[in-house]
Amino acid sequence: MLSSKRALEFLQSIDFERTAGSPEEQKAMDLILSALRQAGYDPQVEEFDLLTFERGDGWIEFEGQRHPARPFSLTKPFDVEGKIAFVESVKFAREKDVKDKIVLTYSPILPKELLKLMSYGAKGFIRISGPMRGISTNHLPYKAVEMGKVLPAVSISYETGYKLFRSMAKFVRIHGEYKQKKSTGHNIVAVYGNRRHEILVTAHYDTVAFSPGASDNGGGTAVLVELARSLKSLRPSLNRKVRFIWFSGEELGLVGSYEYAMKHEDMLGLIDIQINIDVVGDTFGQNRAVILGNYELKRFVLKAAKELQMSISASQGIYSSDCIPFGLRGIPSINLARVGGLPSALGHTDGDRVAWITEKGIEPVLKLAHNLILKFGFAKKMPFKREIPPRIRKKVLEYCRTKSLRCV
Ligand SMILES: [Zn+2]
C-alpha cells in the first residue's frame, strides 16, 4: 500500500543540508540505500567526479560598516573593493556600465548573464535576495568554473540591499572565503523488474548550501523511496522495468543526471518515458505537471490525475531539473511538482523546512506518480508517441545555453 505517512517519515529522516559531495550527502545516501534494501532491492551506487565547495565566511562593507553576505558557491577566496554599479537588469547592462565595477542587482541572475559580466570585466557581483527570504544561496555556473572562470560574487538579504542602495555609498568591499573542492557525487539506482524497455523515475536528493531542502527536493526523494517500496510490495507483473534514480549534483547544474546520461548513452534508447519529481510537500499549494513531450502525453497525464480526482495544472515545456539531459537525447518526461505555498516559496533558503510539510502535501504527487508508473508499466504499447515537439526541443537547447550547461 502506498503511504504518504511513510514518505513523510522518510523525509523527516533526511532533514539536513545535503550538498553534493559532502559527508551529509553520503549520510542521506545511506538512508536511501537502507530503505531500499529493506524493501528488497539491491540498489547500486554510481560515483562521479564533482567540483564542489567548502563553506567559509562572507561579508560586504560600505560606509565603514560590515554586513553579512553569502559568497556564491564555487567561488574562490576573494576580497575586492570597487565602485558600485546598480543594474536593474543584467540582460541590458553595457560594458561601460560594469567594467571594473562591483555590480549590484536585484533581478534573478542567469549563468549566461554572470558570464557576460565576467567578459565585460566586472570586478565583482552582489545579488540582493527576494523579500522575506533572508539570504538566498546561489552558485557560479558549473561549466564555466570547470574552465577556470570565477567571479567574486555574494548574495545579501533584501534589507541589506536596501540599506546599501539608500546609503548612496559609491564604494563597496566584498569578501568571501569559500574554497573549491574536488569531491565525489553519488547517484543511487534501484531497478524493479527485468524487462528490456524501461520507465525512468527520478528525483535529486542533494540540496543547496544552508538549506535542508525539504520541498526541494527531500519531498521528491521521499516520494521515490515510497514508490519503490510500494511497487515491491504490490509486485505487479509489468511490461517494462522501472528504474528509480536518486541523482546528486542537481543543484550545482544537473551534474549527476548529465553524468548518468553520458555514461549510459547506449541504454537511453530503451527509456520509454521519464517521470521526474522535483519540489514536493507544500501543505497548501497546486499540483503541477510540466510535460517535456507532445500533447498526447499531456492529455494522458491530465486523464490520470482526473481518475484520482486530483486538480492539476499541466503545461508542455521544460522544467529546470534532471529531465534536461534526457530531453536533450529525445526522451520525453513528465515533471511533477507541488508549489505555491511554504516551504517551496522559500526554496534555496534555510526556510525550506520539513516542519511545513504534511502528508497532505505529499499525497497528490505520490499517488499520481504511482498511477502513471502502473499505467505505463502495464501498457502493451505506450499510449503516446516518443517524441519531443520541435518548439520544446528548442527550449531545451536554449535552457542549456542560458544555464551554461553542456548541450550534448
Ligand atoms: Zn530541485
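**Zinc site.** I began with the zinc ion, which in this predicted model is coordinated by His204 through NE2, by Asp216 through an OD atom and by Asp278 through two entries marked OD, at 1.9 to 2.6 Å. I took as donors N, O and S atoms within 2.8 Å of the metal (3.2 Å for Na, K and Ca), and since water is not among the atoms, sites may look incomplete. The angles among the 4 donor atoms run from 52 to 146°, and the site is irregular. For that label I used these limits: four donors are tetrahedral if all angles lie between 85 and 135 degrees, four are square planar and six octahedral if opposite donors are over 155 degrees apart and all others between 65 and 115, and anything else is irregular. I noted the sequence spacing of the donor residues as H-x11-D-x61-D. His204 sits in strand β11 (residues 198–204) and Asp216 in helix α7 (residues 214–234), so this pair ties together parts that are 12 residues apart in sequence. Helices (H or I, at least four residues) and strands (E, at least two) are DSSP runs, numbered from the N terminus. His204 is buried at 0% relative accessibility, and Asp216 is buried too, with a relative accessible area of 11%; buried means under 20% relative accessible area, exposed over 50% and partly exposed in between, with a 1.4 Å probe and protein chains only.

**Basis of the entries.** I number residues from 1 along each chain as its sequence is written, and side-chain values use heavy atoms, with hydrogens and water left out. Local features need pLDDT of at least 70 and side-chain atom pairs count only at pLDDT 80 or more, whereas totals for chains, interfaces and linings use all residues.

**Peptide bonds and phi.** I next looked for cis peptide bonds, and one joins Asp216, already listed as a zinc ligand, to Asn217, with omega about 0°; Asn217 is found in helix α7. Another cis bond joins Leu342 and Pro343, again with omega about 0°, and Pro343 lies in the loop between β16 (333–339) and α11 (359–378). I also checked for positive phi outside glycine: Leu74 has phi near 80°, lies in the loop between β4 (70–71) and β5 (78–86), and is buried at 0% relative accessibility. Leu254 has a positive phi of about 55°, is placed in the loop between β12 and α8, and is buried at 3% relative accessibility.

**Helix α8.** Moving on to helix α8 (residues 255–263), I found Val255, Gly256, Ser257, Tyr258, Tyr260 and Ala261 buried. These buried residues pack against β1 (44–54), α5 (142–146), β10 (179–192), β12 (241–247), α10 (324–327) and α12 (390–402), where contact means heavy atoms within 4.5 Å.

**Two single residues.** I looked up Ser4, which is in helix α1 (residues 4–13) and is buried with a relative accessible area of 8%. Leaving aside neighbours within four places in sequence, Ser4 is in contact with Glu359, Ile362, Glu363 and Leu366. Gly82 lies in strand β5, is buried at 4% relative accessibility, and, with the same neighbours left aside, is in contact with Ile102, Lys123, Lys170, Phe171 and Val172. From Gly82 to Val339 I noted 257 residues in sequence and 39 Å in space, C-alpha to C-alpha.

**Cavity and pocket.** I searched the whole structure for cavities of 30 Å³ or more and found 1. On a 1 Å grid over the protein atoms alone, a cavity is a set of points where a 1.4 Å probe fits but cannot get out, a pocket is an open set with protein on both sides within 12 Å along at least five of seven lines, and lining residues have an atom within 4 Å of a point. The largest cavity holds about 40 Å³ of space and is lined by Tyr142, Lys143, Glu146, Gly253, Ser404, Leu405 and Arg406. The largest pocket holds about 1,100 Å³; its lining comprises 45 residues, of which His139, Glu251, Ser320, His348 and Lys403 lie nearest its centre. The elements giving two or more residues to this pocket lining are α4 (111–119), α5 and α7. Volumes are the space filled by probe spheres set on grid points, which are joined across faces, edges and corners.
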